[in-house]
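Biologist: I have the sequence and the structure to look at. Can we go through them together?
Modeller: Go ahead and ask.

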Amino acid sequence: MEVLLSVLLFYLFFAFLDQNLWKKKGKALFWYGLFWLGNLGATLAAAWGAHLPFPAQRVEAFLRALPGLWRGAGV
Amino acid sequence: MKKATVSGRGYFSLLVLSMLGSVSLISGASEGGRDTWITILLAALLYLPLLFCTLSLLPGERSVEGVFSRCAGKVAGRLFCLFYGLTAWYLAAVTTGVFVFFLSETTLWATPRPVLALMMGCTLFFMARAGCAALGRTGEMLLPIVMAFVLLSMLVTLPQCDFRALLPLQEKWNNLFQGTFTALILSFAECFFPLIVLGVCLTEEPKRRKGALGAVFLTALTLCSVFIKNLAALDYHAVSSYYFPSFAVASLVSLGSFFQRFEIFVAVNFLFCQFCKAGLCILFAQKALAPVFSCREKMLTMPLTLSAVNLALLFFTSEMELFTFLGLEKYILAPALLLFPPLLALGRFWRSCRASLQKKR
């Protein structure tokens, strides 16, 4: 609960600071607002322990496997 | 409209702070082992040609887009802007990740990581929105504080140092070369972004080269001394097991009841450097991406900051994962920081030769 509250307070503060939110109108405001809410959702998801489908560990394993792939291809 | 400018001293200070901020990516377990201090000196020497290449991109330029367009033409210049803007944004996210894990591991154990990341995001937003001129003045103020703390931490650690821990020198040449490559990319070459973003805002153009050379020299000297101090105080086996060895060394120092928790000074230093580095990366990203998306620079500040914070939170799930991934960071950044700057310098040289030939005809 305290995480939710602090994240929401931070985003409220950001909304106050972000002049784009106040100045944009119509479609632009819709898309910008959607991006904003997406960011809020991402932060809340991170607070609940979520991570990307391709986190650092998986990317690292993929990158480390690349030289092996090259050797396998006979390069 | 008056152009935001940065003074020679501000330029020098921010370059030093940014380079000192980059060293956190190396951690205690560098490939150089006991010879990490030698690898830093070698990396500083090897960086000089790359530094001159980067500086040769700047004369006469007043925007980040202009730098790339002059070297590669309008369309390729925009592509370079996009590529380097995204790289700077990614680097800001990695720096935020290191900052968050440092704080949550060392001082604020109970505070949730998203809150720490948002605190950093808030500071980064203000830094990037303030622009080069304000950042330059902040750098001028912070550098003496940071250097004083570094000097103080060295002096108070001296009684606990055993300099025999530095021997034997050059155990394995292969490790020495690998360590030099890591130090070259992660400590010095990452300075590409501050060099460009501050270089286009510098009021005193002749001071560009002098300031950059001085910054590389001072950073190499400082990092070298800090690594020697850590090694002599903890011995190699202990140093290599810590992610933040300077903090570990400072926590061992006892100065009586007058100075308690001396490691706070090291933490403050670390945070100042991280803020400067991440702030300059966000500033670079907004300046590079604004012409690509045809919008004002300040419109991008908040979206870039928030997305960098979220990338840091969602991409790295633990400290161990972060530092394991950072082992590959040098290979990921090598094309952007090692390969393209000389090619861009060659491109600029070739285009200026062609333009002068056409004028003569």
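Biologist: Where is the place of B:Thr36?
Modeller: B:Thr36 belongs to helix 2 of chain B, residues 36-55. Helices here are DSSP runs of H or I with at least four residues, strands are runs of E with at least two, and both are numbered from the N terminus. This is a predicted model: local features need pLDDT of at least 70, side-chain atom pairs count only at pLDDT 80 or more, and totals for chains, interfaces and linings use all residues. Residues are numbered from 1 along each chain as its sequence is written, chains are lettered from A and ligands numbered from 1 in the order in which they are written, and side-chain values use heavy atoms, with hydrogens and water left out.

Biologist: Is B:Thr36 buried or exposed?
Modeller: B:Thr36 has a relative accessible area of 5%, so it is buried. Buried means under 20%, exposed over 50%, and partly exposed in between, with a 1.4 Å probe and protein chains only.

Biologist: What does B:Thr36 touch?
Modeller: B:Ser30 and B:Phe227, leaving out residues up to four places away in sequence. A contact here means heavy atoms within 4.5 Å.

Biologist: Now the whole chain. How many helices and strands does chain B have?
Modeller: Chain B has 13 helices and zero strands. The radius of gyration of chain B, taken over C-alpha atoms, is 20 Å, close to the 21 Å that the globule rule gives for 361 residues, so chain B is as compact as a globular protein of that length. That rule is 2.2 Å times the number of residues to the power 0.38.

Biologist: What box do the C-alpha atoms fill?
Modeller: In chain B they fill roughly 75 × 45 × 35 Å along the principal axes. Of the 361 residues in chain B, 59% are buried. Among contacts in chain B between residues at least 6 apart in sequence, 85% join residues at least 24 apart.

Biologist: And what is chain A made of?
Modeller: Four helices and zero strands make up the secondary structure of chain A. Buried residues account for 32% of its 75 residues.

Biologist: How many residues does each chain bring to the contact?
Modeller: Chain B brings 29 residues and chain A brings 30. Between them the two chains bury about 2600 Å², with 77% of it on carbon and sulfur atoms. Buried area is the accessible area (1.4 Å probe) that two parts lose on being put together, summed over both.

Biologist: Which helices of chain B supply at least two residues each to that side?
Modeller: Helix 5 (113-157), helix 12 (301-315) and helix 13 (319-360).

Biologist: How many polar contacts are there across the interface?
Modeller: Four residue pairs of chain B and chain A are in polar contact, with both residues at pLDDT 80 or more. A polar contact is a pair of N or O atoms within 3.5 Å; within protein, one must be able to donate a hydrogen and the other to accept it, and residues adjacent in sequence count only if both atoms are side-chain atoms.

Biologist: Back to single residues. What does B:Glu140 touch?
Modeller: Leaving out residues up to four places away in sequence, B:Glu140 touches B:Ser7, B:Arg9, B:Gly10 and B:Ser13. The side chains of B:Glu140 and B:Ser7 make a polar contact at 2.8 Å. B:Glu140 lies in helix 5 and is partly exposed, at 25% relative accessible area.
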